[in-house]
Amino acid sequence: MRKTILIVEDDEYLRKQIYWALKDEYKVLEANDLASAKERIGKASFVDAVLLDLRLPPRLNTFEEGFKFLVYLRSFYPDTGVIVMTGSTSEKAPQEAVRLGVQDFFSKPFDIDELKLTLKRVLHMLKLERKVKEMQIEREERYKFASLVGKSKKMQQLFHLISRVAPTNSTVLIRGESGTGKELIARAIHYHSPRKENPFVPVNCAALPEALLEAELFGHEKGAFTDAGYKKRGMFQMANKGTIFLDEISDMSLRMQAKILRVLQERSFYPLGSTRAIQVDVRILTATNKDLEKMIQEGTFREDLYYRLNVISILVPPLRERKEDIPLLVQHFLFKYNNIHGRNVKSISPQVMDELCEYNWPGNVRELENVVERAVIFSRGKIILLEDLPSHIRVAFPRKISSSPSLEEAEKKLILAALRTTGGNQSKASQLLGIHRNTLSRKLKKYGIQPSHLSI
């Protein structure tokens with residue numbers, strides 16, 4: 001698709017000269033004053049760059065109109081590039097233009113070929129800047145709330161708590177059943193914090209034996225033990241200035257718990273085989289799916305460590321307590337696994353949605369994600385059907401044919417659920433259902449549904 005360029009120049013001869021020089025390569029718009037410039041950019045879907053004369057009518061003897069347009073662009077179209085064209089020799093023009101975010105400028109008269117090269121360079125620079133911005137947003141959004149899908153009251157409360165806790169340096173204990181997404185919450189906290197530009201280091205404390213876990217967390221000197229053939233930095237050191245996430249902290253031995261307590265108290269540790277303490281500035285987040293209070297009573301978890309870790313506690317609700325989020329989660333995973341596996345599954349049948357919403361999900365969101373991925377892989381069409389579900393879910397709730405709702409009743413129920421999930425937004429609801437917006441409009445009329453009467 002061709003880039004769109006807006007020329008804002010009151011000199012018609014010069015404006016036409018630039019227009020004819022660029023028209024074969026770009027879509028070129030023209031304006032001769034501030035009002036027409038605002039009109040052109042407002043009607044265009046997107047203007048990639050503006051070639052702007054600062055001296056515009058009715059105040060041709062000042063830069064006032066040009067600077068007004070620059071302020072307008074930066075306020076409403078910050079991604080549009082600007083190249084200023086001016087016949088002034090004053091230093092004020094380029095200095096003020098740069099302050100207002102101009103990418104480049106030319107003094108009149110100028111060479112058209114040189115202008116074309118500058119325009120190409122500015123457009124390329126803007127493309128790179130947008131790419132970097134997109135990558136930053138993608139990284140932040142990935143562990144923001146995009147992967148923590150949910151419109152339910154419990155999830156909204158969870159999002160609010162994360163937003164309050166994240167900007168602090170407080171230690172956080174994340175509690176919840178297996179598969180509820182505790183690591184996603186830890187990452188969301190990190191990427192909303194002042195430490196987001198520094199490392200996030202996750203450690204699964206249940207996956208490593210004690211000796212190996214100690215070496216992984218604190219590092220070791222060469223020769224510290226039989227297989228230590230080289231010096232190794234520990235994960236606490238790798239997480240310096242950032243965040244370390246200790247998942248399944250309850251699986252640590254009492255000896256390892258004492259070492260973690262020391263790090264929390266003194267912000268330092270000794271690598272294996274070393275006599276020199278290493279100071280670290282690290283935020284510690286932990287998670288567990290066990291009852292720590294019961295473990296304290298049983299003598300398997302240190303009470304002093306518990307109080308150090310439990311400064312702020314976040315309880316992640318199991319999926320069975322927020323089933324209204326299932327349609328959103330399913331759509332999220334459909335999109336994800338269509339991309340990963342190169343499939344084009346658009347939606348799921350009403351019967352499948354009923355089945356998924358009835359099931360109690362002992363494995364929580366992780367289990368739902370696995371079921372959707374499997375269904376995407378095994379689906380033979382663009383709609384996931386009952387036979388695409390694992391047998392243990394299909395037999396969990398046997399259906400009586402005599403009492404089954406009609407197809408139209410099931411369809412109406414699914415549409416209502418989608419509209420409630422999206423707060424009555426028809427565009428989002430049609431995306432959630434995997435149907436065209438016009439198709440949804442026809443079905444709303446058919447069933448007499450008023451989206452404006454629905455709310456989350």
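## A buried arginine and its contacts

Leaving out residues within four places in sequence, R322 is in contact with V149, G150, S152, M155, P317, L329 and V365. This is a predicted model, and R322 is a friendly place to start looking around it. You will find R322 in the loop between β14 and α13. Is R322 buried or exposed? Its relative accessibility is 4%, and because buried means under 20%, R322 counts as buried.

One of the contacts of R322 comes from far back along the chain. M155 is 167 residues away from R322 in sequence, yet the C-alpha atoms of the two are separated by 8.0 Å. The side chain of R322 also has a polar contact, at 2.9 Å, with the side chain of D325.

## The sheet that contains β14

The loop that holds R322 follows β14, so let us turn to that strand's sheet. Which order do its strands take? Reading across, the order is β7-β10-β13-β6-β14, five strands in an open sheet with parallel pairing. The edges are β7 (200–204) and β14 (312–315), each of which pairs on one side only. From one strand to the next, the twist averages 20°.

Look next at β6 (residues 172–175) and β13 (residues 283–288), which pair in the parallel sense over four bridges. V172 has L285 in β13 as its bridge partner. Helix α6 (residues 153–165) packs on this sheet and touches β6, β13 and β14. The direction of α6 makes about 155° with that of β14.

## The other parallel sheet

A second set of strands is worth tracing on the screen. Here five strands form an open sheet in the order β2-β1-β3-β4-β5, and the pairing is parallel. At its edges stand β2 (27–31) and β5 (104–107); each has a single partner strand, so one side of each is left without a neighbour in the sheet. On average, neighbouring strands of this sheet are turned by 15° against each other, direction ignored.

Within this sheet, β1 (residues 4–8) and β3 (residues 49–53) pair over four bridges in the parallel sense. The bridge partner of V8 in β3 is L52. Which helices pack on the sheet? One is α2 (residues 34–43), which touches β1 and β2, with a direction about 150° from that of β2. Another is α3 (residues 64–76), which touches β1, β3 and β4 (81–86) and makes about 160° with the direction of β3.

## Nonpolar cores

The largest nonpolar core has 38 residues, and L356 and W361 touch the most other members. Which elements give two or more residues to this core? They are α13 (326–341), α14 (350–358), α15 (364–378), α17 (407–421), α18 (426–433) and α19 (437–447). The most comes from α13, with seven residues. Not counting residues up to four places away in sequence, L356 touches I326, V330, I348, W361, V371 and L389.

Apart from this core lies another, of 30 residues, including A239, I244, L305 and L309. L309 sits in helix α12 (residues 303–309), and because its relative accessibility is 0%, L309 counts as buried. Its contacts, leaving aside neighbours within four places in sequence, are T171, V172, L173, I249, L264, T286 and F301. You have already met V172, whose bridge partner in β13 is L285. S170 is 139 residues from L309 along the chain, and the C-alpha atoms of these two are separated by 9.2 Å.

## The two sides of helix α19

Helix α19 is one of the elements that give two or more residues to the 38-residue core. Which residues of α19 are buried? L440, L444 and Y447 are. An α-helix has 3.6 residues a turn, so residues three or four places apart point the same way. Seen down the axis of α19, the buried residues fall within an arc of 80°, so they line one face of the helix.

Now rotate the view to the other side of α19, where R442 and K445 are exposed. Just after the helix comes G448, which takes a positive phi of about 65°.

How values were computed
Residues numbered from 1 in each chain as written. Predicted model: local features only at pLDDT ≥ 70, side-chain atom pairs only at ≥ 80, totals over all residues. Heavy atoms only, no water. Pairing = 2+ DSSP bridges. Axes fitted to C-alpha atoms, helices over the stretch in contact; angles between N-to-C directions. Contact = heavy atoms within 4.5 Å. Core = buried A, V, L, I, M, F, W, Y, C linked by side-chain atoms within 4.5 Å. Buried < 20%, exposed > 50% of the residue type's maximum accessible area, 1.4 Å probe, protein only. Polar contact = N/O pair within 3.5 Å; in protein donor to acceptor, adjacent residues only side chain to side chain. Arc of directions from axis to C-beta.
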